[in-house]
Amino acid sequence: MGEASGSVSTETETTSGAAERVFTVPNLLSMARLVGVPLFLWLVLVEADWWALGLLVAAGLSDWLDGKLARALDQTSKLGMVLDPAADRLYILATLVGLTIREIIPLWLVALLVARELAIVPIAPLVRRLGYNGTLPVHFIGKTATFCLLYAFPLLLLGDHDGGAATAAKIIGWSFAIWGTALYWWAAVLYWVQTRQLSRANRGAGPGPPAGDAAPAGDQKGAQTPR
């Protein structure tokens with residue numbers, strides 16, 4: 001029994017240490033994506049659309065790659081769980097700002113997406129108040145919504161040009177934008193439902209779990225704030 005207990009303790013310490021790592025390959029990729037956000041916005045504003053699209057494609061590939069590498073190299077970390085969704089959000093925000101200034105997308109779409117972000121802001125402090133150290137992991141619906149929007153905006157940018165290909169890109173882009181926005185709001189509702197369930201469970205069970213525990217909302221690749 002003593003040996004088993006020691007083994008579990010060592011494994012826990014190793015896992016905890018891995019989660020605290022900063023300079024991992026996936027984290028460096030996420031940091032590079034963050035550095036590219038202001039460059040991307042500048043390219044959109046000066047109408048260097050092909051360069052902007054190239055940077056956006058590179059960012060999308062690195063987003064996919066850092067998740068694969070985090071699992072393959074066992075380099076999942078708390079910082080990575082924050083950087084990954086933060087980079088996605090900032091690219092969406094930068095695209096919204098650029099396309100709105102260029103009058104490619106209307107203000108009502110921007111208002112819907114910003115309102116959704118504001119709608120989930122209270123979730124993190126509420127979950128922490130219940131005694132959980134982490135918050136809800138990223139839901140599949142939220143990731144799907146993010147991907148739809150990340151596809152929609154480049155297509156709408158292409159649709160701002162002339163020709164049949166641009167017209168097709170505009171139609172497909174708006175389809176992705178509408179679906180992405182709807183799924184974005186659906187994910188927000190699901191996060192609030194999960195938060196309410198945690199609150200009810202906490203009231204029924206008495207005091208919340210220890211501060212080091214994470215919210216038991218699933219095994220998906222998580223983030224400190226839901227998407």
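In this predicted model, the largest nonpolar core takes in 37 residues. Those with the most contacts inside this core are Phe40, Leu96, Leu99, Ile105, Leu113 and Phe153. Quite a few helices chip in: H2 (25-45), H3 (49-72), H4 (78-101), H5 (107-120), H6 (123-129), H7 (140-158) and H8 each give two or more residues to the core. The top contributor is H7, with seven residues. For a look at the packing around one of the well-connected members, take phenylalanine 153: setting aside neighbours within four places in sequence, its contacts are Ile92, Thr95, Leu96, Leu99, Leu109 and Leu113.

Now for the charged residues. Side chains of opposite charge can pair when their charged atoms come close. The structure holds three salt bridges, and arginine 102 turns up in the one with aspartate 49, where the closest N and O atoms sit 2.6 Å apart. That pair links distant parts of the chain, with arginine 102 in the loop between H4 and H5, aspartate 49 in helix H3, and 53 residues separating them. Both partners are buried. Aspartate 49 has a relative accessible area of 4% and arginine 102 comes in at 15%, so each falls under the 20% limit for counting as buried. Leaving out neighbours within four places in sequence, aspartate 49 also touches Val44, Leu157 and His161, along with Arg102 itself.

Arginine 102 has a second salt-bridge partner in aspartate 160, with 3.2 Å between the closest N and O atoms. Because arginine 102 belongs to the loop between H4 and H5 and aspartate 160 to the loop between H7 and H8, this pair ties together parts 58 residues apart in sequence. Aspartate 160 is partly exposed, at 41% relative accessibility. Through shared partners, the salt bridges join Asp49, Arg102 and Asp160 into one network.

Another salt bridge brings together the side chains of arginine 116 and glutamate 117, at 3.3 Å from N to O. Here arginine 116 is buried, its relative accessible area being 0%.

Over in helix H8 (residues 164-205) there is lysine 170, which counts as partly exposed at 44% relative accessibility. Not counting residues up to four places away in sequence, lysine 170 touches Leu155, Leu156 and Gly159. Lysine 170 and alanine 152 are 18 residues apart in sequence, and their C-alpha atoms are 8.7 Å apart in space.

Definitions and conventions: Residues numbered from 1 in each chain as written. Predicted model: local features only at pLDDT ≥ 70, side-chain atom pairs only at ≥ 80, totals over all residues. Heavy atoms only, no water. Helix = DSSP H or I, 4+ residues; strand = E, 2+ residues; numbered from the N terminus. Buried < 20%, exposed > 50% of the residue type's maximum accessible area, 1.4 Å probe, protein only. Contact = heavy atoms within 4.5 Å. Core = buried A, V, L, I, M, F, W, Y, C linked by side-chain atoms within 4.5 Å. Salt bridge = Lys/Arg side-chain N within 4 Å of Asp/Glu carboxyl O.
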